[in-house]
Amino acid sequence: MRVPKLQIFRSRPEIYKRLDEAKLIPMRLARLALLLFLGGGLPVTGSSTPQELVGNLKKAAHSEASTSQRAKEAVVEAGPAVIPYLLPLLSDDDEQIRTLAGWVVSEIKGLSDEHLDILIQAYRRGVRLVAPGIARIGSPRAVDFIVETLVSDAHTGEGLFIQGAVWQLGAKVVPGLVQ
């Protein structure tokens, strides 16, 4: 005679209780996923001003990695409007804030030749993460800086950011390398 599994579990209450609790976990996760999908509980980046986004980024420099990541993504997503508020963080007294700002600069769109001096100063002060941002500007001055820095930093661990920037620039660096 075959005994249904449910009767076996009911004869052992501790197993039945665990099964019952296990059903609740997926249900709770499903509710949470639905809430997140519908936007409940998530900050709406579009409602924040550029100053608020950069302020949140500055605060996130001393938070968990996931918090820093979310703050960085919100600033990157906001794009060029935050750049005037972001660039001063590259010269902040706090190294973690400078590093996080450099990380954002490495990904944000909208950098131009007018930002180049600040980015070069940041790179020279040790915020090497700005190299991809400098490369994305792509102006002759940016290319010259990347090539000069590649030659001088090529054998240091910090040269890796420049090598990535050279790869990003592609053929634009060839004339500078030939000289």
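Which side-chain oxygen reaches to within 2.8 Å of the backbone nitrogen of Gln96 at the start of H6? In this predicted model, select Asp94 together with Gln96, and the oxygen in question turns out to belong to the side chain of Asp94.

From there, extend the selection along helix H6, which covers residues 95-105. The buried residues in H6 are Ile97, Arg98, Leu100, Ala101, Gly102, Val104 and Val105. To see what lies over these buried residues, display H3, H4, helix H5 (83-86), helix H7 (116-124) and H8, which are included in their cover.

Of these elements, take H4 next, keeping H6 in view. The two helices pack at an angle of about 45°, with their axes 9 Å apart, and H4 and H6 are therefore oblique to each other. Their crossing is right-handed. To look at the contact itself, select Ser68, Gln69, Lys72, Val75 and Val76 on the H4 side, and Leu100, Trp103 and Val104 on the H6 side. Sorted by class, the residues of this contact are five nonpolar, two polar and one charged. Leu100 and Val104, which meet H4 here, are also among the buried residues of H6.

Now hide H6 and bring in H3, residues 50-60, beside H4, residues 65-78. The axes of H3 and H4 come within 9 Å and cross at roughly 155°; because an angle over 145 degrees counts as roughly antiparallel, that description applies to H3 and H4. H3 passes H4 in a left-handed crossing. On H3, the residues to select are Leu53, Val54, Asn56, Leu57 and Ala60, which meet Thr67, Ser68, Ala71, Lys72, Ala74, Val75 and Ala78 of H4. By class, this contact has eight nonpolar residues, three polar residues and one charged residue. Ser68, Lys72 and Val75 of H4 deserve a second look, since these residues meet H3 and also meet H6.

For the last stop, move to the loop between helix H8 (131-137) and helix H9 (140-153), and select Ser139. Is Ser139 buried or exposed? Its relative accessibility is 13%, so Ser139 counts as buried, the cut-off being under 20%. Add Asp113 to the selection, and a polar contact of 2.7 Å can be drawn between the side chains of Ser139 and Asp113. Leaving aside residues up to four places away in sequence, Ser139 touches Asp113 and Leu116, so finish by displaying Leu116 as well, a residue within the range of helix H7 (116-124).

Note on methods. Residues numbered from 1 in each chain as written. Predicted model: local features only at pLDDT ≥ 70, side-chain atom pairs only at ≥ 80, totals over all residues. Heavy atoms only, no water. Axes fitted to C-alpha atoms, helices over the stretch in contact; angles between N-to-C directions. Helix = DSSP H or I, 4+ residues; strand = E, 2+ residues; numbered from the N terminus. Parallel < 35°, antiparallel > 145°, perpendicular 65-115°, else oblique. Left-handed = near helix turned anticlockwise from the far one by under 90°. Contact = heavy atoms within 4.5 Å. Nonpolar A, V, L, I, M, F, W, Y, C, P; charged D, E, K, R; others polar. Buried < 20%, exposed > 50% of the residue type's maximum accessible area, 1.4 Å probe, protein only. Polar contact = N/O pair within 3.5 Å; in protein donor to acceptor, adjacent residues only side chain to side chain.
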